[in-house]
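Here is a short report on two sheets, the helices that lie across them, and the cysteines.

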Amino acid sequence: MSIWNKKNITKNEIERLEKKYRVDALVASILVRRGITEGRDILYYMEDDLRFCHSGFSFSAMEDAVDRILDAQEEREKVLIFGDRDVDGVSSTTVLYECLKDMGLDVQYRLPLGDDAYGLSMAVIDDFSKESGTLIITVDCGITNIAEVAHAAELGIDVIITDHHEPQEELPSPSIILNPKCADSGYPFREISGCAVAFKLVSALRFSRTRWYKQDVSLLNVVRTADGFTVECIKLRNLVPQSRLREPIPLSGKPFEQTRLPAYLEGQIILIWDENYIRGMLNQCFGTSADFNLIDLRPILSKQLPSFAALPLSHIKNMSKIARYGGHEPTETGSFYNLYVTYVHIMLKKTLPNLARQEEQDLQLVGLAALADIMPMKDENRIFVKQAMASINANRARPGLLELMAGLDLLGKRINSIDIGWTLVSNLNAAGRTGHPELAVDLFLKPDVSEREAAAQKIKECNAERKQLTVDAFQYAAIQAKASVPLYHNKLCVVIDERINRGITGLLAGRLANAYDVPALAVTFVGNMAVGSIRSARNVDVSALLNSMGDIFTAHGGHTFAGGFSFERNKLETFESKLSALSETIVLEESHSDIYDIDAEIPEKYLTPELLKVCDLFEPFGNENEELTFMSKNLEVVDARLIGRTEKVNLKITFAAGQYKWPALFWGAKDRWHRDFEIGDRVDILYHVQRNTYNGIEMPQLILVDLRKTIA
């Protein structure tokens, strides 16, 4: 019997979030049950502005990468973008290619085609060298290409690696690396997609066209304290804080030369808010002998943000959204920094008039990639996907995406993260899985509408082929899969079969992991090479498992929950032996397949379409942010019938809930009617709330997770 788990929470926990973050009791209770109680996490549920995303210049190597590309632009060098065949790789390639082309660079791209191996190859480097190419930029790959990068250097080719896969102990050298998972990357959030890394590079390149690029400035403010003053400074470069200084000054004052300020401020442009006030405070601190060359931002910034013109920083600090979520009391200097960054972002759009449209089109692909690569739906990933969904739903889908959506009958329907993940992503991935990733790039880059429509049609055909390949592979792998589990100590499922198409090893491994509730591997052969994929279950870190077998592989990589690998066919016996030994050491978390965590109980009278607004707040759903699961008790079943396109195995049920009649779908639940309930019974249900669009009309509906007869 399934377990319905409704976590107990306290009234105080709910009221704290209600008051501090201005949310209602239902939203607060869901946040508490999900363990989302810190302001820095709540921010990404409540906000969707790009201002809350991390700066690309947080990457310690970003300035080096930008300068190398600017050099290539100036010297008219040949540049190659090398990507990957999946949605993340194709999206990354598109975003970077469009930017470099717009900058006027001599740029081309390549992807692994057909049976090509993942990642940068010697052959690609040699081909590019023959064309007198001098700069390769990898996207969504490259972090494990140690030998290839060394070979490129020997041929006089520089390499910039933009990737997000787990690095090995040795990094490719010489190269410029942008990868949030590298220990010294400087980037504050590890779990972004390859396309997001490419987007950060593109954003930095656009920023480099403005006067703020490489500008060293210090924000200065003076705060009155109980026993004197504190001079606070934030040193910025490319809008990113490099260091902070707080210099206490007694009420009696102190010679300026005896403080740390002269050395700290030397050579800096010093920005302040309200010159008369700040000069008066500095005179109290140091007398009139200290000479400061100050630039007052207040009159400059107030032209763009007039509501702040007459306000001191002591008032502005209490208006800061960022401060509200910061987990500490807002500060005047911190608010000054936020104001300055907001001002620069406004001016960026005026300096670069096409920036808003370019960013919007890029972010649609960044959002797609985040869902396609199963990035956790937290931190800035939430904003990426929110931005993508908002612009698509505002009928501003980018070229290529528009044609694909038309071909999939998605136009006119509100798109959510589930639609993106199950429909758009699966079709786009199918092109790469069947060996034709160039179709997806053509879809996004071809200037002619008819060419994009043709690419969209071919992608649909690839998806039909992919579906059939997956069905076939699952059928002929079933016996081997079941037999393999005990051979690997009931901790792994392993299928090795020459008939498996290399493009669907990941899909097959995923289906096997779901079927057997253990990590699964699917391996096939291409010539003398074995090529495989692994998918996790029960929270096993499969990237660590692959790393422990690194001596066997010619290449491997991936994420915590998904990976790929290849090895020479003659090492198959060694592979199986080592995998069997390692399987003994795997620690599986308890299976949760029959445990349902309840986000909130909704009494019958509150089961209204207003619940959709709560669901919208928690969108996008995905990895680490599952769809909301509600519970309602004692609902009357007023109708039920079997539905299905071919075999009728699904149920459509109607519940009475106060003044509403709720339609509900219960997938694959044919056997539960007449066994667990009848029309007229009262039942308790677990469900998701979704929109159903039919002939352009939106209607709310329930998707049932589980059902029980109400106990009187």
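Contact here means heavy atoms within 4.5 Å. The model is predicted.

## Sheet with β12 to β16

Helix α21 (residues 505–516) lies across β12, β13 and β14. The helix runs at about 45° to β14.

The sheet beneath this heading is open and has 5 strands. Their order is β12-β13-β14-β16-β15, and the pairing is mixed. β12 (493–496) and β15 (555–558) stand at the edges. Each has a single partner strand, so one side of each is left without a neighbour in the sheet. From one strand to the next, the twist averages 15°.

Strands β13 (residues 520–526) and β14 (residues 529–535) run antiparallel and are joined by 7 bridges. V526 has M529 in β14 as its bridge partner.

## Sheet with β7 to β11

A further open sheet is formed by 5 strands, in the order β9-β8-β7-β10-β11. Its pairing is mixed too. The edge strands, β9 (240–250) and β11 (294–296), each pair on one side only. Neighbouring strands are turned by 30° against each other on average, direction ignored.

β7 (residues 216–225) pairs with β10 (residues 269–272) in the parallel sense, over 3 bridges. S218 has its bridge partner in β10: I270. Helix α14 (residues 332–351) lies across β7, β8 (228–237), β9 and β10. Its direction is at about 150° to β7.

## Cysteines

How many disulfides does the structure hold? The count is 0.

Are C462 and C615 buried or exposed? The cut-off for buried is under 20% relative accessible area. C462 has 7% relative accessibility, so C462 counts as buried. C615 has 5%, so C615 counts as buried too.

Methods. Residues are numbered from 1 along each chain as its sequence is written. This is a predicted model: local features need pLDDT of at least 70, side-chain atom pairs count only at pLDDT 80 or more; totals for chains, interfaces and linings use all residues. Side-chain values use heavy atoms; hydrogens and water are left out. A disulfide is a pair of cysteine sulfur atoms within 2.5 Å. Buried means under 20% relative accessible area, exposed over 50%, partly exposed in between (1.4 Å probe, protein chains only). Two strands pair if DSSP finds at least two bridges between them. Helices (H or I, at least four residues) and strands (E, at least two) are DSSP runs, numbered from the N terminus. Axes are lines fitted to C-alpha atoms, for helices over the stretch in contact, and angles run from 0 to 180 degrees between N-to-C directions.
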